[in-house]
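Student: I have a two-chain model to read. Can you take me through the numbers?

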Amino acid sequence: VRFTSRELWGDGGADGETVHVDLFERYLQEE
Amino acid sequence: MSADHHHPQELAPVEARIAAIESVLVEKGILDIDAVDEIVKHFEDNLGPMNGAKVVARAWTDAAYRERLLSGGTAAINELGFSGPEGDYMVVVENTPQVHNLVVCTLCSCYPWPILGLPPKWYKAPAYRSRAVREPRKLLAEMGTVIPDGVEIRVWDSSAEARYLVLPMRPDGTNTLTEEQLAGIVTRDSMIGVQRL
């Protein structure tokens, strides 16, 4: 999942910076 | 002859504690001392950024390998013989003139052991872990790596499963270098993303 710095930190964020987090969990996978 | 010649340096408290635990476990037959030595030797001899550097150098010299590396990091890294715990799911992210990648573990110190070895102390420090996501450009500048405003910074937050490797840009003027020579110029920090080559 990709978040922009502004999405995470609001006015305190910066342009041109993103944070990527792998949120996959095995239990989310369909059987 | 120094004054402490006959007095070996005292163990740090944590070292003494570990040594005591190890000796008790060995005494009780729970731990095999040879197995411990084997593991330590494996970490000392086989794991480290020299492995990641080989991966990077191969990607720089072999376009097909680079494609495989970017589309399926774990398998491509395995091709060079590097695998194991803390490297079961590897994602490789490529630096370009427009994008700079930075790796962190905000939760603790998740790190790709098979190709980078054990993490440096600063990687585990709360200041790095928080500032890498909060103000990466400023943090990098303080670490000596100035990323121009026009270059996007992508921060990759490692997890228990996903570990990241930055594929740095190949430096100019290295066209005549062999793959082995190229591996020699790849640094650990460049593969974490806190340095540009």
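Here is a short talk about chain B and its partner.

Tutor: This is a predicted model, in which local features need pLDDT of at least 70, side-chain atom pairs count only at pLDDT 80 or more, and totals for chains, interfaces and linings use all residues. Residues are numbered from 1 along each chain as its sequence is written, chains are lettered from A and ligands numbered from 1 in the order in which they are written, and side-chain values use heavy atoms, without hydrogens and water.

Student: How do you know what the mean pLDDT of chain B is?

Tutor: pLDDT is the predictor's confidence in each residue, from 0 to 100. For chain B the mean is 92. In addition, 95% of its residues reach 70 or more. The model scores ipTM 0.87 and pTM 0.84.

Student: What makes a residue of chain B count as buried, and how many do?

Tutor: Buried means under 20% relative accessible area, exposed over 50%, and partly exposed in between (1.4 Å probe, protein chains only). By that rule, 39% of the 197 residues of chain B count as buried.

Student: What makes residues of chain B and chain A count as in contact?

Tutor: Their heavy atoms must lie within 4.5 Å. By that test, 17 residues of chain B are in contact with 14 residues of chain A.

Student: Which three residues supply the most area that chain B buries against chain A?

Tutor: Buried area is the accessible area (1.4 Å probe) that two parts lose on being put together, summed over both. Here that comes to about 1300 Å², with 44% from carbon and sulfur atoms. B:Val133, B:Arg134 and B:Glu161 supply 39% of chain B's share, more than any other three residues.
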